[in-house]
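Opening the notebook on a structure I haven't looked at before. I'll jot down what I look up as I go.

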Amino acid sequence: TYEKAWLIAAMLLIVGFIATITYGSIGLGIAMVDDEGGSIDPNEVFDHEEFSDPGVQQVGEDEYEVYVRAQTFTFVPDPIEVPAGSEVTFHVTSPDVIHGFSVVGTNVNTMVIPGEISTMTVEFDEPGEYGLVCNEYCGPQHHEMSGQLIVT
Ligand code: CUA
């Protein structure tokens with residue numbers, strides 16, 4: 001019947017949309033999985049268990065947690081090294097003023113507010129090198145605040 005044909009057509013259209021969206025994120029080699037944060041006292045960032053000595057931690061077979069301090073005018077650690085094909089969760093905070101944390105060429109881009117922990121999970125499918133930039137004006141050397149993310 002006509003109704004059945006329309007129903008099938010509508011379902012194919014929906015499947016097509018989902019396929020397009022999925023392909024889009026695979027094509028970029030990147031997929032945002034979740035976005036949850038938290039907060040700490042900005043004055044205690046340097047005493048914090050993770051943010052006092054930030055870096056990459058392996059927490060599962062293909063799972064990594066990356067702690068990053070965005071501070072005037074640098075990212076710590078720099079460079080950040082993670083393996084391709086793994087699930088990487090970034091936790092970024094600032095001990096001083098508002099910064100940005102942006103992975104150039106990807107949709108990873110967040111504001112970093114003092115004491116607020118910006119969290120995002122990303123998968124990098126292919127090895128490569130990405131620039132990290134601060135995209136919030138944070139002072140006279142804002143434009144020099146950059147870093148490097150190496151996907152091995
Ligand atoms: Cu940090 Cu601009």
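I started with the contacts of T93, skipping its neighbours within four places in sequence. On this predicted model, T93 touches I40, V45, F51, V68, R69 and A70. The list for T93 goes on with V112, I113, G115, E116 and I117.

Where does T93 sit? I found T93 in strand β6, which covers residues 87-93. Its relative accessible area is 0%, so T93 counts as buried, the cut-off being under 20%.

Next I followed one of those contacts, I113. I113 lies in the loop that links β8 (109-112) to β9 (116-123). Is I113 buried or partly exposed? I113 comes out as partly exposed because its relative accessibility is 35%. I also noted that I113 joins I98 and M111 in a nonpolar surface patch. Together the three have about 230 Å² of accessible area.

Then I checked the cysteines. How many disulfides are there? The count is zero. C134 is buried, at 7% relative accessible area, and C138 is buried too, at 10%.

Last, I stepped back to the whole chain. I see one helix and eleven strands, and the order from the N terminus puts the α element ahead of the run of β elements. Of the 152 residues, 38% are buried. I looked up contacts with a separation of 6 or more, and 62% of them are between residues 24 or more positions apart. The accessible surface of the chain is about 8700 Å², and carbon and sulfur atoms hold 55% of that.

Methods:
Residues are numbered from 1 along each chain as its sequence is written. This is a predicted model: local features need pLDDT of at least 70, side-chain atom pairs count only at pLDDT 80 or more; totals for chains, interfaces and linings use all residues. Side-chain values use heavy atoms; hydrogens and water are left out. Patches are made of residues with over 30% relative accessible area and no salt bridge: like charges are joined within 9 Å, nonpolar side chains (Val, Leu, Ile, Met, Phe, Trp, Tyr) within 5 Å. Accessible areas come from the Shrake-Rupley method with a 1.4 Å probe; for residues, only the protein chains shown count as cover. A salt bridge is a side-chain nitrogen of Lys or Arg within 4 Å of a carboxyl oxygen of Asp or Glu. Helices (H or I, at least four residues) and strands (E, at least two) are DSSP runs, numbered from the N terminus. Buried means under 20% relative accessible area, exposed over 50%, partly exposed in between (1.4 Å probe, protein chains only). Contact means heavy atoms within 4.5 Å. A disulfide is a pair of cysteine sulfur atoms within 2.5 Å.
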